[in-house]
Amino acid sequence: MSRTISSTVHPIQRCMASSNPSAWWDGLVVEADGSAATVALLNGATVTLRIVGPAVDIAVGEPVAYDPVAELLSASAILTTARTA
């Protein structure tokens, strides 16, 4: 699968995420509008993320992974910067 990496993702973010793979949180999108997404995490928490950069086509119900330390959101074939709102 080809992965599209947003231009907002800095090399240090990718390095941080790859050096600590257990930091990723899995969840499902419960609300999305292109510039923000609310994710119900599998640990029971909910987090609202502001997606930085180009609008991302994320659908409600889509499984995603979020790295809160590196501030990265992985959805489908897209890796982009996302910060808590």
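Biologist: Let's start in helix 1: is glutamine 13 buried or exposed?

Modeller: Keep in mind that this is a predicted model. Glutamine 13 lies in helix 1, residues 11–19. The cut-off for buried is under 20% relative accessible area. Glutamine 13 has 7% relative accessibility, so it counts as buried.

Biologist: And which residue's backbone nitrogen lies 2.7 Å from a polar atom of the glutamine 13 side chain?

Modeller: Beyond four places in sequence, glutamine 13 touches Thr8, Ala70, Glu71, Leu72 and Thr81. The backbone nitrogen you're after, 2.7 Å from a polar atom of that side chain, belongs to histidine 10.

Biologist: Glutamate 71 is on that contact list. What is its phi, roughly?

Modeller: Glutamate 71 sits in the loop between strand 5 and strand 6 (72–75). With 26% relative accessibility it counts as partly exposed. It is not a glycine, yet its phi is positive, at about 55 degrees.

Biologist: Now the aromatics: how is the pair of tryptophan 25 and tyrosine 66 classed?

Modeller: A search of the whole structure turns up one aromatic pair. In this pair of tryptophan 25 and tyrosine 66, the centres are 6.2 Å apart and the planes are at 70 degrees. Planes over 60 degrees apart fall in one class, so the pair is edge-to-face.

Biologist: How many residues apart are the two partners?

Modeller: The pair links distant parts of the chain. Tryptophan 25 is in strand 2 (residues 25–32) and tyrosine 66 is in strand 5 (residues 63–67). That puts them 41 residues apart.

Biologist: Which of the two is buried?

Modeller: Tryptophan 25, at 37% relative accessibility, counts as partly exposed. The relative accessible area of its partner is 3%, and buried means under 20%. So the buried one is tyrosine 66.

Biologist: Still on strand 5, what is the C-alpha to C-alpha distance between proline 63 and glycine 27?

Modeller: Proline 63 is found in strand 5 and is exposed, with a relative accessible area of 56%. Leaving out neighbours within four places, its contacts are Gly27 and Leu28. Proline 63 and glycine 27 are 36 residues apart in sequence, but the C-alpha to C-alpha distance is 5.8 Å.

Biologist: Which residues make up the covered face of strand 4?

Modeller: Strand 4 (46–51) is among the strands that each supply at least two residues of the largest nonpolar core. That core has 14 residues, and Leu49 and Ile51 are among those with the most contacts inside it. The uncovered face of strand 4 holds Thr46, Thr48 and Arg50. The covered face is Val47, Leu49 and Ile51.

Biologist: What is the bridge partner of alanine 40 in strand 4?

Modeller: Strand 3 and strand 4 pair in the antiparallel sense over five bridges. They form a hairpin with four residues between them, and glycine 44 in the turn has a positive phi of about 100 degrees. In strand 4, the partner of alanine 40 is threonine 46.

Biologist: Last one: which residue in strand 7 stands opposite leucine 49?

Modeller: Strand 4 also pairs with strand 7 (residues 78–84), antiparallel over three bridges. Past four places in sequence, the contacts of leucine 49 include Tyr66, Leu73, Ala82 and Arg83. The strand 7 residue opposite leucine 49 is threonine 84.

Terms used. Residues are numbered from 1 along each chain as its sequence is written. This is a predicted model: local features need pLDDT of at least 70, side-chain atom pairs count only at pLDDT 80 or more; totals for chains, interfaces and linings use all residues. Side-chain values use heavy atoms; hydrogens and water are left out. Rings of Phe, Tyr and Trp (its six-membered ring) pair if their centres lie within 6.5 Å; planes under 30 degrees apart count as stacked, over 60 as edge-to-face and the rest as tilted. Buried means under 20% relative accessible area, exposed over 50%, partly exposed in between (1.4 Å probe, protein chains only). A nonpolar core is a set of buried Ala, Val, Leu, Ile, Met, Phe, Trp, Tyr and Cys residues joined through side-chain atoms within 4.5 Å. Contact means heavy atoms within 4.5 Å. Two strands pair if DSSP finds at least two bridges between them. A polar contact is a pair of N or O atoms within 3.5 Å; within protein, one must be able to donate a hydrogen and the other to accept it, and residues adjacent in sequence count only if both atoms are side-chain atoms.
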